[in-house]
Amino acid sequence: MNTKANEGFGATEPKDDGKRERSTIEFPYMGLEDAVVIAKGIHETTGAGVCQHDQLAAAIGMSMNSSGYRMRLSAARLFGFIETDRAAGGVRLTDLGQMVVDSTRERAAKAKAFLNVPLFKRLFETKRGQLLPPPAALEREMASMGVSQKQTERARQVFQRSAEVAGFFEMDRSRLIMPPGVSDNGPAPTDEKPEQKNEGPSGGGGGGGSLPPGVDPIIQGLLARLPKSGDVWAETDRKLWLQLLEGSFKIIYKDKAESAPVS
């Protein structure tokens, strides 16, 4: 096995002389889009099997001895798409990696992968639905979370690109919002069987009955996130849910019917 191809695999920073300040929270040096390229390269080369580094590097048009290749491997591993098979001397797709190469599940896989990164998850948990600060202020917050001072700009750039690819800016480019139709734990159910109980918009306390046919999956996903009647639901979270619902309407429905031209 070529050891150079695995240098830095899973690390957050390139090798240095040991004097550089090290980050204490993990983040990738390459974005989510680069990690997806790695996953798709493996899928196209060996499917679910082990992919050798020379095969993968050739598939994505890179040298397996380059730092760019190693950093992409590290990113793909941190996002949760690949794992090392040391016995076979290569890498293979994880379950999440299999999801992201499947066009029907790619959207949910990207959102989950984004939250697999410790720094990105921390930012989402602390900034969810809030107006994101300007770049300099965001970098200071990253530093307080454990990103080394010299790497805050790069961490911010990778974070913003990855959030865009994962759909977290889909409804508002200035706020981190879970992509419509995707729950924190995966895609919202969209094909409920008739015999299953549908607890309705109240999550168990409000009327029951099944949803009307043809309800968009985005709306179904939002309804699935409603707490049960009687549960505590903070006002800020209620307002955010309503904003998401309003934004979904703008995506799903037309503002008004187009009138036929008068002859």
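Which residue just after H7 takes a positive phi? That residue is Gly146, with a positive phi of about 125°, and I will come back to the helix that precedes Gly146 after a few words on the model and the sheet.

What we have here is a predicted model, in which local features need pLDDT of at least 70 and side-chain atom pairs count only at pLDDT 80 or more, whereas totals for chains, interfaces and linings use all residues. Residues are numbered from 1 along each chain as its sequence is written, and side-chain values use heavy atoms, with hydrogens and water left out. When I say helix or strand, I mean a DSSP run, H or I of at least four residues for a helix and E of at least two for a strand, numbered from the N terminus.

Let me begin with the sheet. It is an open sheet of 3 strands in the order E1-E3-E2, with antiparallel pairing, where two strands are taken to pair if DSSP finds at least two bridges between them. Strand E1 (51-52) and E2 stand at the edges and have a single partner strand each, so one side of each is left without a neighbour in the sheet. Between E2 (residues 82-85) and E3 (residues 90-93) there are 4 bridges, and in this pairing Ile82 has Leu93 in E3 as its bridge partner. The hairpin of E2 and E3 has 4 residues between the strands, and Gly89 in that hairpin takes a positive phi near 75°. On the other side, E1 and E3 pair over 2 bridges, with Gln52 standing opposite Gly90 in E3. Helix H1 lies across E1, E2 and E3 and runs at about 95° to E3; the axes here are lines fitted to C-alpha atoms, for helices over the stretch in contact, and the angles run from 0 to 180 degrees between N-to-C directions.

Now to helix H7 (residues 135-145), in which Ala137, Leu138, Glu139, Met142, Ala143 and Met145 are buried, buried meaning under 20% relative accessible area, exposed over 50%, and partly exposed in between, with a 1.4 Å probe and protein chains only. These buried residues pack against helix H6 (118-127) and helix H8 (152-166), contact being heavy atoms within 4.5 Å.

That leads to the charged pairs. A search of the whole structure finds 11 salt bridges, each defined as a side-chain nitrogen of Lys or Arg within 4 Å of a carboxyl oxygen of Asp or Glu.

One of them joins the side chains of Glu33 and Arg161 at 3.0 Å, N to O, and this pair links distant parts of the chain, since Glu33 is in helix H1 (residues 32-46) and Arg161 in helix H8, 128 residues apart. Glu33 is partly exposed at 28% relative accessible area, and Arg161 is likewise partly exposed, at 36%. Also in H1 is Asp34, which counts as buried at 13% relative accessibility and touches Arg72 and Arg161, not counting residues up to four places away in sequence.

Another salt bridge joins Arg156 and Glu139 at 2.6 Å, N to O. Arg156 lies in helix H8 and Glu139 in helix H7, so this pair ties together parts that are 17 residues apart in sequence. Arg156 counts as buried at 11% relative accessibility, as does Glu139 at 16%.

Finally, the side chains of Arg92 and Asp85 meet in a salt bridge of 2.8 Å, N to O, where Arg92 is partly exposed at 25% relative accessible area, whereas Asp85, at 16% relative accessibility, counts as buried.
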